[in-house]
Amino acid sequence: MWRKFRPVIGSQVLATIIAASIAAWLAGVHGAISALLGGLISIASGLVFVLLAATSAESKGRSAGEVIFAALKAEAAKLFLALVLLWLVLAAYQDVVVAGLIGSFVVSILIFSVALFAGDKT
């Protein structure tokens, strides 16, 4: 499972760096920091998803319902963590550039969703 998500996480990091560079050019240092935070929030929540999903996938002999329930729990944890981290950044960072934060976050989340459609090469 980690093998499937490793290139996606690398793509998220690259997209976050590009978004931060664009935000720095458009909005200065606070734009860059905001874009970095948005991408990092998505990456962190995605890593939680992968950790939880990989842990449940390693258990052999599970029914299809148990696997789906484990995937839904991993997705719920990802969503919860992302919302909490976004709220913390918006509440704590006074000079946040919301467009940079949300834009980078959305791009990174969309890249993560690509992993769900990527073929499994084993």
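**Figure 1. A lysine and a glutamate pair up within helix α3 of this predicted model.** K78 and E75 both sit in helix α3, which covers residues 64-92. They are 3 residues apart, about one turn of the helix. The two residues form a salt bridge. Their closest N and O atoms are 3.4 Å apart. The structure holds 1 salt bridge, so the count stops with this pair.

Are the partners buried or exposed? K78 has a relative accessible area of 9%. That is under 20%, so K78 counts as buried. E75 stands at 32% relative accessibility. This value lies between 20% and 50%, so E75 counts as partly exposed.

**Figure 2. Ten residues form the largest nonpolar core.** The members are F5, V8, I9, I43, F49, V50, A53, A74, F112 and A115. Which helices each supply at least two of them? They are α1 (2-27), α2 (29-57) and α4 (98-117). Helix α2 gives the largest share, with 4 residues.

Look next at A74, a member of this core. Leaving out residues up to four places away in sequence, A74 touches F49, L52 and A53. Of these partners, F49 and A53 are also listed in the core.

Another core lies apart from this one. This other core has 8 residues. Among them are L86, Y93, V96 and F105.

**Figure 3. I43 is a buried residue of helix α2.** I43 lies in helix α2. Its relative accessible area is 10%. The cut-off for buried is under 20%, so I43 counts as buried. I43 also belongs to the largest nonpolar core.

Which residues does I43 contact, leaving aside neighbours within four places in sequence? The partners are I9, Q12, V13, T16 and S108. One of them, I9, is listed with I43 in the largest nonpolar core. F5 is another member of that core. I43 and F5 are 38 residues apart in sequence. In space, their C-alpha atoms are 11 Å apart.

**Figure 4. S108 is a buried serine in helix α4.** S108 has its place in helix α4. Its relative accessibility is 0%. Buried means under 20%, so S108 counts as buried.

What surrounds S108 once neighbours within four places in sequence are set aside? S108 is in contact with Q12, T16, G39, S42 and I43. Q12 and T16 also appear among the contacts of I43. Follow I43 back to Figure 3, where S108 is listed as its partner.

**Figure 5. The whole chain places the close-ups in context.** The chain has 4 helices and 0 strands. Read along the sequence, the pattern is α-α-α-α. The C-alpha atoms fill a box of roughly 55 × 30 × 15 Å, taken along the principal axes.

How much of the chain counts as buried? The share is 32% of the 122 residues. The accessible surface comes to about 7,400 Å². Carbon and sulfur atoms account for 74% of that surface.

Contacts also link distant parts of the sequence. Take the contacts with a separation of 6 or more: residues 24 or more positions apart account for 76% of them. The chain carries 8 positive and 5 negative charges. The mean positions of these two sets are 8 Å apart.

How values were computed:
Residues are numbered from 1 along each chain as its sequence is written. This is a predicted model: local features need pLDDT of at least 70, side-chain atom pairs count only at pLDDT 80 or more; totals for chains, interfaces and linings use all residues. Side-chain values use heavy atoms; hydrogens and water are left out. A nonpolar core is a set of buried Ala, Val, Leu, Ile, Met, Phe, Trp, Tyr and Cys residues joined through side-chain atoms within 4.5 Å. Buried means under 20% relative accessible area, exposed over 50%, partly exposed in between (1.4 Å probe, protein chains only). Helices (H or I, at least four residues) and strands (E, at least two) are DSSP runs, numbered from the N terminus. Contact means heavy atoms within 4.5 Å. Accessible areas come from the Shrake-Rupley method with a 1.4 Å probe; for residues, only the protein chains shown count as cover. Lys and Arg count as positive and Asp and Glu as negative; His and the chain ends are not counted. The place of a charge is taken as NZ of Lys, CZ of Arg, CG of Asp or CD of Glu. A salt bridge is a side-chain nitrogen of Lys or Arg within 4 Å of a carboxyl oxygen of Asp or Glu.
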